[in-house]
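Reader: I have a model open and would like to talk through it. Could we take it one topic at a time?

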Amino acid sequence: MTDVMEQSGGPAGSGTTPNGTGPVDRPEPASASASEPAPGNRGTGTAEPAAAARIAEIRVRIDEIDRALIELWQERAALSREVGATRMASGGTRLVLSREQEILERFRAALGADGTQLALLLLRAGRGPL
């Protein structure tokens, strides 16, 4: 997820008066570099070039991980739906609660309370809401 505050460019508004008739009188900043990151560093939250470059590098990897997570999420959900359809076609139950509990516990043990929430979302993606 990208940082929403970094992309917003500051407070909402177009720089016009509330009725939209003209520009808002705003004092000029003492230094452009003090109020805005240097060109090329926008969206990083810093005007320091080395820090901005490192943030950009890290975000490339975060975006790669996000793409992989989405792909894996979709694959997992499809496989889970296939398991359910196969089980039901053979006369089995829609759900196997012991299996769901096993998955919940695995995620909780690895990730804590957030892991439980993640596992619940994964389970729902594969079987639908209860």
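Author: Certainly. This is a predicted model, and a good place to start is Ala78, which is partly exposed, with a relative accessible area of 36%.

Reader: Where does Ala78 lie?

Author: Ala78 lies in helix 3.

Reader: And how far apart are Ala78 and Ala125 in space?

Author: Their C-alpha atoms are 8.7 Å apart, while 47 residues separate Ala78 and Ala125 in sequence.

Reader: Let us turn to pockets. What volume does the largest pocket have?

Author: The volume of the largest pocket is about 410 Å³. Its lining consists of 20 residues, and the closest to the centre are Ser80, Val83, Arg87, Arg99 and Leu123.

Reader: Which helices supply at least two residues of that lining?

Author: Helix 3, helix 4 and helix 5 (113-127) each do so. The largest share, 9 residues, comes from helix 3.

Reader: Now the charged residues. How many salt bridges does the structure hold?

Author: The structure holds 6 salt bridges. In general, side chains of opposite charge can pair when their charged atoms come close.

Reader: Which residue pairs with Glu100?

Author: Glu100 forms a salt bridge with Arg127, at 2.6 Å from N to O. This pair links distant parts of the chain, with Arg127 in helix 5 and Glu100 in helix 4, 27 residues apart.

Reader: Is that pair buried or exposed?

Author: Both residues are buried. Arg127 has a relative accessibility of 19%, and Glu100 has a relative accessible area of 11%.

Reader: Why does Arg127 count as buried at 19%?

Author: The cut-off for buried is under 20% relative accessible area, so Arg127, at 19%, counts as buried.

Reader: What about Glu57, which residue forms a salt bridge with that one?

Author: The partner of Glu57 is Arg54, and their closest N and O atoms are 3.2 Å apart. Both residues lie in helix 3, 3 residues apart, which is about one turn of the helix. Glu57 is partly exposed at 48% relative accessibility, and Arg54 is also partly exposed, with a relative accessible area of 46%.

Reader: And in helix 4, which residue does Arg108 bridge to?

Author: Arg108 forms a salt bridge with Glu105, with 2.6 Å between the closest N and O atoms. These two residues of helix 4 are 3 residues apart, about one turn of the helix. Arg108 is partly exposed, with a relative accessible area of 39%, and Glu105 counts as partly exposed at 39% relative accessibility. Separately, Arg99, Glu102 and Arg106 are joined into one network by salt bridges that share partners.

Reader: Changing topic, which residues make the nonpolar surface patch?

Author: Trp73, Leu111, Leu118 and Leu121 make a nonpolar surface patch of about 340 Å². Of these residues, Leu111 lies in helix 4, which covers residues 97-111.

Reader: One last item. Where does Thr44 lie?

Author: Thr44 lies in the loop between helix 2 (32-35) and helix 3 (49-89).

Reader: Buried or exposed?

Author: Thr44 is buried, with a relative accessible area of 11%.

Reader: And what lies 3.1 Å from a polar atom of the Thr44 side chain?

Author: That is the backbone oxygen of Thr46.

Key. Residues numbered from 1 in each chain as written. Predicted model: local features only at pLDDT ≥ 70, side-chain atom pairs only at ≥ 80, totals over all residues. Heavy atoms only, no water. Helix = DSSP H or I, 4+ residues; strand = E, 2+ residues; numbered from the N terminus. Buried < 20%, exposed > 50% of the residue type's maximum accessible area, 1.4 Å probe, protein only. Polar contact = N/O pair within 3.5 Å; in protein donor to acceptor, adjacent residues only side chain to side chain. Patch = residues over 30% accessible without salt bridge, like charges linked within 9 Å, V, L, I, M, F, W, Y side chains within 5 Å. Areas by Shrake-Rupley, 256 points an atom, 1.4 Å probe, with all protein chains shown as cover. Salt bridge = Lys/Arg side-chain N within 4 Å of Asp/Glu carboxyl O. 1 Å grid on protein atoms, 1.4 Å probe; cavity = no way out; pocket = protein on both sides within 12 Å on 5 of 7 lines; lining within 4 Å. Points joined across faces, edges and corners; volume = space filled by probe spheres on them.
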